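User: Hello! I am new to this structure and would like to understand the terms used for it. Could you take me through them?

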Amino acid sequence: ELGQSLERLGQTLKDQMPALRPGGWGNWTPPGGPAGPRPPEEADVVVVGGGVLGWSVAYWLKALEGQRHGMKVLVVERDPTYSQASTVLSAGGIRQQFSLPENIRMSRFSAAFLRSINEYLGVPNEPPIDIQFQPSGYLFLATTEAAARLEATVQLQREEGAQVALLSPTQLKEKFPWMDTEGVAVASYGLEDEGWFDPWTLLNAFRRKATSLGVHSCSGEVRGFVTSARDLTQGGPSPASARIKYIHIHMRDSLEYQPVACAIVVNTAGAWAGKLLEEAGVPKGLLQPPLPIQPRKRYLFSWHCPDGPGLSCPFVIDTSGAYFRRDGIAGNYIGGMSPPEDEEPDPSDLSVDHEFFPERLWPLLARRVPAFAALRPRGSWAGYYDYNCFDQNGVLGPHPRLENFFVAAGFSGHGLQHAPAAGRALAELLLRG
């Protein structure tokens, strides 16, 4: 009680300091206090994870609730610099070419959302949003063994309203003369609503709009839960279900934590979504079955090739699994490839294996695009996939054992492009059932 009283006193003193002005001292903060706004003591909905999915959920909750200040929504992000966030380290692509109807429908909604983004996320008296969308189809290449499966997938995509063309090797060579078509039996090429955009701009657009609608945010890490099962399990079996009553938000660079009473918790923790519930406070029996979401590290490489494909370069997914696209208009490209399952890199940090490019990726690029044999590497970085080990698709909906815990994670590399749709879907589930 004394600690809480001192915290409130410190906040009161901070609130009563003069506003910041040139040469003034209004930026003073109580010594030893954590940086950034403190979490509130209670919230209706706590969104754990401030990436694009978390802010999309927060935005849609406020946009669909129908009354201002009706619901208190809190977004908790442990990395306010976003230096390791999957959102801003991704390749920024959007495609319609998926093999599940749900994914295709989410992509179609997201494409329409991005096309009219200022109608959704525009903030009065602020400049219009430009996500720097580059319209360019995805080009999937298939071998003879995979041709029938690709053709069946394209038929499904067309039934869902996506505009996709099938190209023979001859047609492929005519449209993309810079490509070596050896080993390609058929290719699928998106004709609309595909391309790439700036992920950082989309994240900030969601964040600014949600904040303008009254969403609260704080920096910290959720490391504990208090559930209704805690008192029921003393000397007895674990209950079949429970509710989360409080979450514990630990402050950055501090030993303090703030308990936040909440009615609903939304897990948008991305690559760490599967580990979130393993924190203290949740009986182990309530964690079965576990969320099959793991962090997987993926490399992205950039290179320069003045004689490369140029402006005609789409987002190419090779038969080998390698992928690449142009980056701007000055002969620059980015690309990567997932490693074999038994050679997954250690996800404990975001260091890059610089031998991966010359030994594994470059030969595949040069085989498909002969001009890439003379490319010059420019740089590299690594990011996280929130990888769903079960089927590589998003987990969206209520937890089977925790009554007020919902999940939007595990999209395995396509969370950015599906964020507008997934955020709306979860908000509709919470608000309208």
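Analyst: Gladly! Rings of Phe, Tyr and Trp pair if their centres lie within 6.5 Å. By this rule, this predicted model has 26 aromatic pairs.

User: What makes F176 and Y189 an aromatic pair that is edge-to-face?

Analyst: Their ring centres are 5.6 Å apart, and the cut-off for a pair is 6.5 Å. The planes stand at 80 degrees, and over 60 counts as edge-to-face, so the pair earns both words. The pair links distant parts of the chain: F176 is in the loop between α6 and β7, while Y189 belongs to strand β7. Both residues are buried, which means under 20% relative accessible area.

User: How do you know that the charged end of R95 sits over the ring of F98?

Analyst: The charged end of R95 is 3.9 Å from the centre of the F98 ring. The rule asks for a distance within 6 Å and a position within 35 degrees of the ring normal, and R95 is listed as sitting over the ring.

User: Why is α3 called roughly perpendicular to α10?

Analyst: Helices α3 and α10 pack at an angle of about 100 degrees, with axes 7 Å apart. Angles from 65 to 115 degrees count as roughly perpendicular, so α3 and α10 get that name. Among the residues that meet there are F109 and F113 in α3, and H418 and R424 in α10.

User: Where does pLDDT stay under 50?

Analyst: It does so over residues 18-34. Where pLDDT is low, the predicted coordinates should not be read in detail. For the protein, the mean pLDDT is 91.

Technical notes: Residues are numbered from 1 along each chain as its sequence is written. This is a predicted model: local features need pLDDT of at least 70, side-chain atom pairs count only at pLDDT 80 or more; totals for chains, interfaces and linings use all residues. Side-chain values use heavy atoms; hydrogens and water are left out. pLDDT is the predictor's confidence in each residue, from 0 to 100. Contact means heavy atoms within 4.5 Å. Rings of Phe, Tyr and Trp (its six-membered ring) pair if their centres lie within 6.5 Å; planes under 30 degrees apart count as stacked, over 60 as edge-to-face and the rest as tilted. Helices (H or I, at least four residues) and strands (E, at least two) are DSSP runs, numbered from the N terminus. Buried means under 20% relative accessible area, exposed over 50%, partly exposed in between (1.4 Å probe, protein chains only). Axes are lines fitted to C-alpha atoms, for helices over the stretch in contact, and angles run from 0 to 180 degrees between N-to-C directions. Angles under 35 degrees count as roughly parallel, over 145 as roughly antiparallel, 65 to 115 as roughly perpendicular and the rest as oblique.
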